[in-house]
Structures are given as C-alpha cells and as structure tokens.
Amino acid sequence: MAEDWDAEFGTEPTAVIPSFFDMAGLRSPVKEGAINGNQIFESKGSEAANFGKRCSNTFGNSTGFGGFGKQGSGDGNGFDTNSSYIFEKQPVAGFAETTTVNESEFGSRVVRGCGFGRGNRGGFPRSSPQNAIEKASGDGPPVGRGSFSARRGFANHPGDGSGFSSSCGRGGFSSTSGIRGGYRGRNEDIFSGSNPKLRAPWNSTDSEGNNKNQAPKVTYVPPPPPEEESAIFAPYQTGINFDKYDEILVDVSGFNVPSAILTFAEAHLCETLNKNISKAGYLKPTPVQKHGVPIVLAGRDLMACAQTGSGKTAAFLLPILEMLMRGDVAASQFKELQEPEVVIVAPTRELINQIYLEARKFSFGTIIRPVVVYGGTSTGHQIRQVLQGCNVLCGTPGRLLDIISKGKVGLSKVQFLVLDEADRMLDMGFEPDMRKLVTAFDMPSKQNRQTLMFSATFPEEIQRMAADFMKTDYLFLAVGQVGGACGDVHQTILQVDQYSKRNKLIEILTNIGIERTMVFVDTKRKADFLAAFLCQENFPTTSIHGDREQREREQALGDFRSGKCPVLVATAVAARGLDIEHVQHVINFDLPSTIDEYVHRIGRTGRCGNVGKAISFFDSNTDLRIARTLVKVLSDGLGGNKDFSSYEANLPVTYAGKDHEDAWE
Ligand SMILES: Nc1ncnc2c1ncn2[C@@H]1O[C@H](COP(=O)(O)OP(=O)(O)OP(=O)(O)O)[C@@H](O)[C@H]1O
C-alpha cells in the first residue's frame with residue numbers, strides 16, 4: 001500500500017535484478033558477509049593521485065562496490081592499483097560501528113516525544129503499530145531543542161489537521177502539508193487568463209487569479225529582497241580549488257566558435273556590469289563563463305553543460321545583461337502589459353528566486369528591472385510586481401504561463417529565452433509547459449530569439465529534443481564530462497540497509513557537529529519524519545519538500561542558510577541549483593533513482609572551488625538500479641575510463657522511482 005510506512009521502508013524491488021556483486025565478478029565470501037554496513041567506497045575527485053597511493057595499501061582480496069578495475073578476471077580483486085577507488089574495511093575515521101536498530105523501541109521513543117504518527121500508522125517504519133498509534137495522540141511533552149508541528153493528518157485524524165503540534169525550544173521544525181495546509185505545486189498550473197492559446201477549459205478564478213476549483217487561495221507574499229548593497233553583493237567565498245577549474249577539459253561543438261575570454265575585461269562589458277562583477281567578488285571567469293559569455297555575446301544559441309557550482313548562472317546573465325545594455329532596452333515603467341526582453345525559467349521556486357537575486361545583483365545600478373514569479377505565492381502580488389516594469393522575467397513554468405495567460409505579459413519583445421536546469425525543463429514533467437511557452441502566439445520564433453540552455457547534466461535524448469528549441473547552428477559547450485559529478489566533492493558510498501540508516505545518520509551527524517548538512521530522502525513523508533526524528537535527537541533540523549507551504553519552504557531555507565538549523569532534510573525539490581554557502585556535507589539517506597539526480601544532489605556541496613563531502617547510503621535491496629551508473633560517475637570523477645558495457649544488459653536502464661512524487665515547482 002503506497003501509504004504504508006512499513007511498506008515504504010521495507011519494500012523489495014519488484015523487478016528481478018541480478019545480484020550486483022555477482023555482476024561485479026565477486027566471489028561468494030563477499031556476498032556472504034564482507035559487504036555490510038561498515039564497508040566504504042570512496043572517490044575523491046580532485047585528490048585522485050593521493051588516493052591511488054592509498055588504494056594499493058587498502059584494497060584487499062575481496063572487493064565490493066565498484067569492483068570493475070579488472071573486469072572478468074575472476075580474482076576478486078576488482079580494483080586495479082591505478083584505480084583511485086578506495087575500499088576500506090574499516091569505517092571512515094570517527095564513524096562508529098553500525099549497531100542494530102531496535103525498531104519498535106525507535107518508534108516508541110520517538111512517538112512518545114513528539115506525539116505524532118501518520119494516518120493510521122503512527123511512528124517510524126517497522127515500529128510496533130501498537131506503540132506508534134497508541135502514542136500518536138499529540139500528548140508528548142515538549143522535548144529537546146527542536147520543535148515540530150504538522151498538519152498532515154496524524155494518528156486517527158487523517159487530514160483534519162489536528163494531529164499534533166509541539167513547539168519547543170530552539171531550532172525547530174515545522175511542516176504543513178496535506179489537506180489543510182498543503183498546496184501542491186502542480187496545482188498552480190492554472191491557465192485561465194485572456195490569452196486564448198493558454199486558457200484552460202475550466203475558467204474559474206477568483207479576483208486574485210487563483211483557481212477556485214483547484215486549490216485554496218494562496219495569499220503568501222514573500223519578503224522583499226534586500227535593498228542594502230552589502231546584502232545584494234554578499235560574495236560567495238571561492239575555495240582552494242577554484243583555480244583548478246582551469247584544468248578541466250572544455251569542448252565546444254559546432255561551427256564558427258567564438259574565442260574564449262580569459263578575463264572579464266576581455267568581454268568588454270559595460271562599466272556598471274564590470275563594477276557589479278567586482279562587487280560580487282568575481283576576480284576571474286570560470287570555464288563555463290570564459291566560453292559561454294563570448295558565445296552569447298556573439299548572438300549564438302547555446303546548450304551548455306558544466307559541473308555543479310561552477311558559475312553557470314553568471315555565464316548566461318552577464319552576456320544577456322550586456323546585450324540589453326548595448327541595445328535599446330527601455331527603462332521599465334508601469335504598464336498594464338509588460339513585454340520583457342528576457343524570460344528565464346527554472347524548475348523550482350527557490351531556484352528561480354535565486355536566479356532572480358543574481359539578476360538583480362548584476363543589473364544593480366542599471367535601468368534593467370528583473371522580476372520573479374513562482375507558485376505558492378499570491379498571484380496578485382506577483383502581477384503587481386510585473387506591472388511595475390519588467391525586463392527580465394524569471395519564473396517557474398506554471399506561474400509564468402499563468403501570468404502570460406492573464407494577458408499581463410507579452411512575449412513579442414523576447415530576445416533571450418533561458419532554460420536553467422534545461423534537462424529537467426525538457427523532461428516529461430515540464431516539456432509540455434516549455435512547448436506551450438515557445439508556441440505562445442507572440443513568442444518570437446527560434447530564428448528571432450536567442451535560446452540558451454544550461455545544466456550540469458544533459459542526457460543525450462534530452463539534448464536531441466532541446467535542439468528543437470534552438471537554431472540549427474547552436475553550439476554545445478561541455479566543460480568536463482557531460483553529466484559528471486563535481487570533482488571537488490569527496491564521495492563515499494556506505495552499504496547500509498534500510499533499518500540501519502537512521503542510526504548511521506545519527507553517527508555521521510554526531511561526527512559532523514554543526515557543519516551544514518543536506519540530507520536527501522526519497523519521499524515527502526520521510527522528509528517530515530526524519531526531520532522530526534533528528535529534532536528529537538537534538539539536531540536542529542528543518543525540512544523542505546513539495547508539500548510544505550511556500551512560506552515554510554522559504555523559512556526552512558533561511559534557517560538552514562543562517563545556520564540556525566544546520567541540518568536540512570530535503571526531497572528532490574532541493575536537488576538542483578540551490579547555492580547555499582558553507583554546505584559541507586550531503587547525505588543521500590536514500591539514493592535517488594537516477595544518476596543525474598545524484599550528480600545534482602551532491603553538487604549542493606563542493607561549490608565554487610570549495611571542497612565538500614557526500615555520503616550515500618547504498619542498500620542493495622533497493623539501489624541496484626543505480627549501481628552501474630554510480631560506479632561510472634565515481635570512476636569518471638577520478639579520470640577513470642572503465643568499460644561498463646557488459647553490465648548494460650543486466651541492469652534496467654530506467655527506473656520510475658519516487659523522486660518525481662514531489663511537486664517540483
Ligand atoms: N567567476 C566567479 N568568481 C567567483 N565566484 C563565482 C564566479 N562565478 C560564479 N561564482 C559563484 O559560484 C557559486 C556557484 O555558481 P552557480 O550557482 O552559478 O553555479 P551553477 O554552475 O549554476 O551550479 P548548479 O549546477 O548547481 O546550478 C555562486 O555563489 C556564484 O556567485
């Protein structure tokens with residue numbers, strides 16, 4: 001049953017999947033016991049050389065994960081000594097041995113503290129239902145430093161919002177979701193305005209433009225962005241590996257490729273832009289900027305793929321703003337119909353807001369006015385913002401189309417269309433919206449606009465589809481391996497079964513201390529429960545997922561950014577694009593179902609030349625599907641060039657996982 005918490009944790013994969021370890025050519029002793037909770041697989045991208053040395057000492061006769069070095073040799077060694085994989089039989093320094101979780105004790109303990117359950121099954125997975133339900137009455141005393149409140153329908157009051165609410169101490173966690181408070185992103189895709197091409201058959205909107213039949217009226221008005229220059233330009237500290245970006249191989253395919261710049265000065269940007277670049281602390285361009293900026297300035301369409309955290313946002317914003325400054329951009333002013341020169345779309349609200357803030361930063365002191373529109377906020381408020389004047393319109397697809405459909409935005413002056421996280425924008429979830437956008441009656445044809453697409457991952461089938469949106473002479477810029485993980489992230493894979501994950505997480509977080517950590521899980525429910533659990537365990541934790549109200553999502557990010565809650569439990573909604581300083585760790589409590597999602601998730605750390613660590617719990621009952629591609633990504637990060645083709649046949653190519661349960665927008 002989909003709603004069954006036990007089932008969610010305990011489900012065996014339905015597909016018949018050959019044993020991963022058999023596939024890796026390993027011997028039975030490994031299968032029988034050597035691979036368990038404490039064995040660790042590490043890949044440390046930028047320090048590969050050192051690891052190579054360590055490898056020769058540490059690789060034993062039996063090898064688990066990633067034993068691909070000598071495929072088919074049957075000697076069980078797996079790794080060759082040149083490989084930079086690490087296979088340690090000891091836990092990572094400081095991590096204690098895994099202990100067995102006493103599930104019923106766990107359920108009881110947590111439920112007693114917080115006083116919550118979920119629906120008809122309270123507590124945590126595998127907890128005794130009796131324990132959980134009996135104690136899920138919301139009568140637990142306030143405990144610890146965290147607070148947790150939710151309106152999701154707990155205990156025997158599913159969906160009535162009366163489940164529990166427990167506020168206590170500092171840190172704190174609150175979650176609102178479900179029938180009363182929840183507002184699902186996709187519900188915001190309301191097409192109801194005056195644009196007949198975008199109008200939906202059900203035209204039932206209130207004065208704010210919210211669809212009466214679809215969802216409750218959203219009144220949330222986000223706080224205004226900062227006005228002080230110091231906040232607008234607060235620089236992100238570049239890390240020790242920033243200069244190493246220059247060593248990454250760059251490939252630009254297409255004809256008549258403009259020459260790369262080596263410095264910002266070579267781009268001949270206007271004075272105000274140059275001033276803003278230095279106020280932002282940018283001393284020199286990253287590779288995607290060195291190549292991307294002149295391509296955009298030359299008027300070319302661009303599909304660009306560069307590793308997470310390497311400055312893709314500025315790579316499109318700077319040349320776009322420069323082109324607007326060089327052109328005849330009109331000073332923004334109040335008008336009933338706004339006609340932006342630039343439209344930027346991104347898949348999540350927090351990401352588009354971040355892009356907007358970057359646009360605001362770089363356009364500071366110019367006549368260019370960026371505006372942002374995204375779901376979960378008052379449409380009326382956002383329309384008013386747009387009507388004040390809008391040159392650069394940043395939006396999530398649903399809200400953007402909604403506002404266009406209301407006749408508030410005309411597209412006839414669009415010169416630049418940008419798809420950030422382009423592979424996500426063109427996958428099944430958003431592709432229809434993107435097609436609606438480019439075929440909106442007044443959107444200039446691809447011949448008459450510049451189309452720019454950026455992402456850290458770009459599957460080939462999406463690249464092919466993306467080409468539909470671009471001129472035939474578009475350029476493809478690849479900085480490093482397309483879809484490769486950021487080399488500054490030290491990746492560790494721990495074999496941990498479902499029932500040991502929480503204990504392992506506690507061990508790790510105890511070691512980490514107050515360093516900022518993002519913990520990714522595969523469902524919104526689990527995000528709530530895990531965050532509550534961590535609060536109980538005195539780790540100030542907050543959470544972000546698609547069922548939380550926008551106000552709460554923004555509060556959660558704010559608390560995480562400020563360090564008030566150094567742990568953020570998140571679903572896929574936070575996997576892409578978010579640029580939060582000082583995130584030192586990413587933990588994949590649940591591995592995602594696709595490798596691209598993995599690459600984006602771990603890319604929340606190790607940004608802008610800083611180093612970061614990612615630890616992923618690998619459960620062979622559920623994660624075999626990602627094993628092959630995961631090994632490949634680890635290998636690529638180390639400059640490896642392994643041939644995995646023999647595994648292709650054995651592994652399912654795609655897996656419709658739970659990641660997409662989340663409303664993204
Ligand atoms: N040339 C530069 N010098 C210094 N800092 C930079 C430079 N370019 C970008 N940054 C900073 O690096 C951080 C990461 O940049 P950005 O968010 O654009 O990365 P990204 O490539 O879009 O990542 P993702 O793939 O995760 O979306 C930002 O804080 C940005 O301000």
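Biologist: Buried means under 20% relative accessible area, right? With that cut-off, how many residues of helix 11 are buried?

Modeller: 11 of its 15 residues, so by that cut-off helix 11 is mostly covered. Keep in mind that this is a predicted model.

Biologist: Which residues of helix 11 are they?

Modeller: Leu317, Leu318, Ile320, Leu321 and Leu324 are among them. So are Ala314, Ala315, Phe316 and Pro319. Lys312 and Glu322 are buried as well.

Biologist: What should helix 11 span, and what do its ends say?

Modeller: Helix 11 covers residues 312-326. At 1.5 Å a residue, its 15 residues should span 21 Å. The end C-alpha atoms are 22 Å apart, which agrees.

Biologist: On to the ligand. Which residues come nearest to the ligand?

Modeller: Tyr282, Lys312, Thr313, Asp579 and Arg607, out of 23 residues around it. Lys312 is also one of the buried residues in helix 11.

Biologist: What classes make up the shell around the ligand?

Modeller: Six residues are nonpolar, 10 are polar and seven are charged.

Biologist: What does the side chain of Gln289 do at the ligand?

Modeller: One of its N or O atoms sits 2.8 Å from a nitrogen atom of the ligand.

Biologist: And which atoms of Ser310 and Arg604 face ligand oxygen?

Modeller: For Ser310, a backbone N or O atom, 3.1 Å from an oxygen atom of the ligand. For Arg604, a polar side-chain atom, 2.9 Å from an oxygen atom of the ligand.

Biologist: How much of the ligand does the protein bury?

Modeller: 97% of the 640 Å² that the ligand exposes when taken alone.

Biologist: Switching to annotation. Where does UniProt put the Q motif?

Modeller: At residues 262-290, as a short sequence motif in an unreviewed entry. That stretch is 45% helix and 0% strand. Its end C-alpha atoms are 6 Å apart.

Biologist: What residues does UniProt list for the Helicase ATP-binding domain?

Modeller: Residues 293-476, again from an unreviewed entry. Here the chain is 40% helix and 16% strand. The end C-alpha atoms are 13 Å apart.

Biologist: Where is Pro294, and is it buried or exposed?

Modeller: Pro294 sits in helix 10, residues 287-297. Pro294 has a relative accessible area of 10%, so it is buried. From its C-alpha to that of Leu452 is 13 Å, with the two positions 158 residues apart along the chain.

Biologist: And Phe430, where is that?

Modeller: In the loop between helix 15 (422-425) and helix 16 (431-439). Its relative accessible area is 1%, so Phe430 is buried. The C-alpha atoms of Phe430 and Gln491 are 30 Å apart.

Biologist: What about the phi of Glu421?

Modeller: Positive, near 50°, and Glu421 is not a glycine. Glu421 lies in the loop between strand 13 (416-420) and helix 15. At a relative accessible area of 6%, Glu421 is buried.

Biologist: Which phi does His582 take, and where is it found?

Modeller: His582 has a positive phi of about 70°, though it is not a glycine. It is found in the loop between strand 19 (567-570) and strand 20 (583-588). With a relative accessible area of 46%, His582 is partly exposed.

Biologist: Now helix 20. What span should it have?

Modeller: 18 Å, going by 1.5 Å a residue for the 13 residues at 550-562. Its end C-alpha atoms are 18 Å apart, so the two agree.

Biologist: Which residues of helix 20 are buried?

Modeller: Gln550, Glu552, Arg553, Ala556, Leu557, Asp559 and Phe560. Phe560 has a relative accessible area of 0%. Its C-alpha is 32 Å from that of Pro319, which is 241 residues away along the chain.

Biologist: What happens just after helix 20?

Modeller: Gly563 takes a positive phi of about 90° there.

Biologist: Last one. Where does Pro235 lie?

Modeller: In the loop between helix 8 (229-232) and strand 8 (250-253). Pro235 is partly exposed, at 41% relative accessible area. Its C-alpha is 8.2 Å from that of Tyr282, though the two are 47 residues apart in sequence. Tyr282 is one of the residues that come nearest to the ligand.

Definitions and conventions. Residues are numbered from 1 along each chain as its sequence is written. This is a predicted model: local features need pLDDT of at least 70, side-chain atom pairs count only at pLDDT 80 or more; totals for chains, interfaces and linings use all residues. Side-chain values use heavy atoms; hydrogens and water are left out. UniProt positions are given in the numbering used here, feature names are shortened, and annotations may be inferred rather than shown by experiment. Helices (H or I, at least four residues) and strands (E, at least two) are DSSP runs, numbered from the N terminus. The expected span of a helix is 1.5 Å times one less than its number of residues. Buried means under 20% relative accessible area, exposed over 50%, partly exposed in between (1.4 Å probe, protein chains only). A residue is near a molecule or strand if one of its heavy atoms lies within 4 Å of it. A polar contact is a pair of N or O atoms within 3.5 Å; within protein, one must be able to donate a hydrogen and the other to accept it, and residues adjacent in sequence count only if both atoms are side-chain atoms. Accessible areas come from the Shrake-Rupley method with a 1.4 Å probe; for residues, only the protein chains shown count as cover. Ala, Val, Leu, Ile, Met, Phe, Trp, Tyr, Cys and Pro count as nonpolar, Asp, Glu, Lys and Arg as charged, and the others, Gly among them, as polar.
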